[in-house]
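Colleague: I should like a close look at a single part of this protein, namely its largest pocket. Please describe the pocket and its lining, and then place them in the wider model.

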Amino acid sequence: IESRLAVALERAERTLGDEVSPLNFFIQSFVIMVREGLEAILIVGALMTFLSKMGASHRKREINAGVGAAVVASLLTAFLLETIFILSPAKREALEGATMLVAAVVLFYVSYWLLSKMEVVKWNHFVKSKVQDALTGGSALALASAAFLAVYREGFETVLFYKALFVSASPGGAMPVLAGMIAG
């Protein structure tokens, strides 16, 4: 049974091939950046809009602080992932598989979360209640943390997706990934 499985896996590998085109890496990278960036922008925009509607425009600085902290935390996460996971080529495949599994879990969680908030009334109520709690409590930390969590979740996903892309890209494949990231 093992030999038949090995033959079938080898045939599948030949069929699928090893090479992913540079254009494919560019498109994947571009889509990741646009998608995750758009999600973060929409959430922060909703928070800012509710602040304006509630007459608390002067508190936008707290949301900006949360967004800034989330961007720094996302970059720190990427740095730690690169410095902690210096692996031998033998363990590279295991890291790639684990990273892709974690990214898939995060993607399913976010998809579920988005579907549960899909109805406009529920989403508006959710965001409005978080902002209202922060405004009535007068807590700058609560408002900043709402923005931080929303943006860091997107940043963490982005780091995971890009880690998987860079690991799967050959050394020459990093340029299309970087170009897609910049274009996105």
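Modeller: A pocket, in the sense used here, is an open set of grid points, where a 1.4 Å probe fits, with protein on both sides within 12 Å along at least five of seven lines. The structure is a predicted model, and the largest pocket in it holds about 510 Å³ of space. Of the 24 residues that line this pocket, Met-33, Ser-74, Gly-155, Thr-158 and Val-159 are the closest to its centre. Three elements each give two or more residues to the lining: α2 (22-53), α3 and α6 (140-168). The largest share, 9 residues, is that of α3. By chemical character, the lining comprises 16 nonpolar, 4 polar and 4 charged residues.

One of the residues closest to the centre, Thr-158, deserves separate attention. Thr-158 belongs to helix α6. Its relative accessibility is 13%, and because buried means under 20%, Thr-158 counts as buried. Leaving aside residues up to four places away in sequence, Thr-158 touches Ile-32, Met-33 and Glu-36. Met-33, one of these contacts, is also among the residues closest to the pocket centre.

Helix α3 (residues 60-84) can be examined through Ala-70, which is found in it. With a relative accessibility of 0%, Ala-70 is likewise counted as buried. Beyond residues up to four places away in sequence, Ala-70 touches Phe-148, Val-151 and Tyr-152. Ala-70 and Val-151 stand 81 residues apart along the chain, yet their C-alpha atoms are separated by 5.8 Å.

A further element, helix α7 (residues 174-183), shows how burial can be arranged around a helix. Its buried residues are Pro-176, Val-177 and Gly-180. Viewed down the axis of α7, these buried residues fall within an arc of 100 degrees, so they line one face of the helix. A general rule is useful here: an α-helix has 3.6 residues a turn, so residues three or four places apart point the same way. On the other side of α7, Met-175 and Ile-182 are exposed.

Finally, the confidence of the prediction should be kept in mind. The mean pLDDT of the protein chain is 76, and 70% of its residues reach 70 or more. Among the elements of the chain, α7 has the highest mean pLDDT, 88, whereas helix α4 (residues 89-116) has the lowest, 64.

Conventions: Residues are numbered from 1 along each chain as its sequence is written. This is a predicted model: local features need pLDDT of at least 70, side-chain atom pairs count only at pLDDT 80 or more; totals for chains, interfaces and linings use all residues. Side-chain values use heavy atoms; hydrogens and water are left out. Buried means under 20% relative accessible area, exposed over 50%, partly exposed in between (1.4 Å probe, protein chains only). Helices (H or I, at least four residues) and strands (E, at least two) are DSSP runs, numbered from the N terminus. The arc is that of the directions from the helix axis to the C-beta atoms. pLDDT is the predictor's confidence in each residue, from 0 to 100. Contact means heavy atoms within 4.5 Å. On a 1 Å grid over the protein atoms alone, a cavity is a set of points where a 1.4 Å probe fits but cannot get out, and a pocket is an open set with protein on both sides within 12 Å along at least five of seven lines; lining residues have an atom within 4 Å of a point. Grid points are joined across faces, edges and corners, and a volume is the space filled by probe spheres set on the points. Ala, Val, Leu, Ile, Met, Phe, Trp, Tyr, Cys and Pro count as nonpolar, Asp, Glu, Lys and Arg as charged, and the others, Gly among them, as polar.
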